[in-house]
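Dear colleague,

I am handing over the structure we spoke about, and below it you will find my notes on what turned up when I went through it. Please read them with the model open beside you.

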Amino acid sequence: QVQLVESGGGLVQPGGSLRLSCAASGSIFRFAHMGWYRQAPGKQREMVATITDSGEANYADSVKGRFTISRDNAKNSVYLQMDNVKPEDTAVYYCNLPSNLRLGVLRTYWGQGTQVTVSS
């Protein structure tokens, strides 16, 4: 069983920074790809950034150059550093561990979400 717990959301001014954290339970974390997704009101959930078990990162075009995903396998954690945030970054941010039959992960797991609001 996997549990994902996000933290670090809040209110930030445009141009500011915020760091989101996701703590994962389970021994498979270091072998798993992880991701951050977000969902704004009235919109579908969208991928923000993903990171492989070896640390290779991928970003949505809308956040490239502003957001950085990283992981610390010793702490079973994945992070999202958000810099130069914009009002359109306002959303609930979710941590994600996708299904992976090779690892015995039979379903995709989501955290409970953390609200990020960008406003002056």
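R38 is buried, with a relative accessible area of 5%, and in this predicted model its side chain meets that of D89 in a salt bridge, at 2.9 Å from N to O. The two residues come from distant parts of the chain, since R38 sits in strand β4 (residues 34-39) while D89 belongs to the loop between β8 (77-82) and β9 (91-97), 51 residues apart. D89 is likewise buried, its relative accessible area being 0%.

D89 has a second partner, for it also forms a salt bridge with R66, where the closest N and O atoms are 2.8 Å apart. This pair again links distant parts of the chain, with R66 placed in the loop between β6 (57-59) and β7 (67-72), 23 residues from D89. Both D89 and R66 are buried. If you look at the charged residues together, you will find that R38, E46, R66 and D89 are linked in a network of salt bridges.

In total the structure holds 4 salt bridges, and one of them joins the side chains of K64 and D61, with 3.2 Å between N and O. D61 is exposed, at a relative accessible area of 65%, whereas D89 is buried at 0%.

Turning to the cysteines, the count comes to 1 disulfide, which C22 and C95 form with their sulfur atoms 2.1 Å apart. Because C22 lies in strand β3 (residues 18-24) and C95 in strand β9, the pair ties together parts of the chain that are 73 residues apart in sequence. The link of C22 and C95 is left-handed, with -80 degrees about the S-S bond, and both of these cysteines are buried.

As for the packing of the interior, the largest nonpolar core has 33 residues, and those with the most contacts inside it are L4, W36, V78, L80, Y93 and L97. The elements that give two or more residues to this core are β3, β4, β5 (46-51), β7, β8, β9 and β11 (114-118). You may wish to select L4 in your viewer: leaving aside its neighbours within four places in sequence, L4 is in contact with several residues, including both cysteines of the disulfide, C22 and C95. Among the other contacts of L4 are A23, A24 and M34, as well as N96, L97, Y109 and W110.

Finally, which residues other than glycine have a positive phi near 50 degrees? N84 is one of them, with phi near 50 degrees, and its place is in the loop between β8 and β9, the loop that also holds D89. N84 is partly exposed, with a relative accessible area of 43%, whereas D89 is buried. N76 likewise has a positive phi, of about 50 degrees, although it is not a glycine, and N76 lies in the loop between β7 and β8.

With best regards

Notes: Residues are numbered from 1 along each chain as its sequence is written. This is a predicted model: local features need pLDDT of at least 70, side-chain atom pairs count only at pLDDT 80 or more; totals for chains, interfaces and linings use all residues. Side-chain values use heavy atoms; hydrogens and water are left out. Helices (H or I, at least four residues) and strands (E, at least two) are DSSP runs, numbered from the N terminus. Buried means under 20% relative accessible area, exposed over 50%, partly exposed in between (1.4 Å probe, protein chains only). A disulfide is a pair of cysteine sulfur atoms within 2.5 Å. A nonpolar core is a set of buried Ala, Val, Leu, Ile, Met, Phe, Trp, Tyr and Cys residues joined through side-chain atoms within 4.5 Å. Contact means heavy atoms within 4.5 Å.
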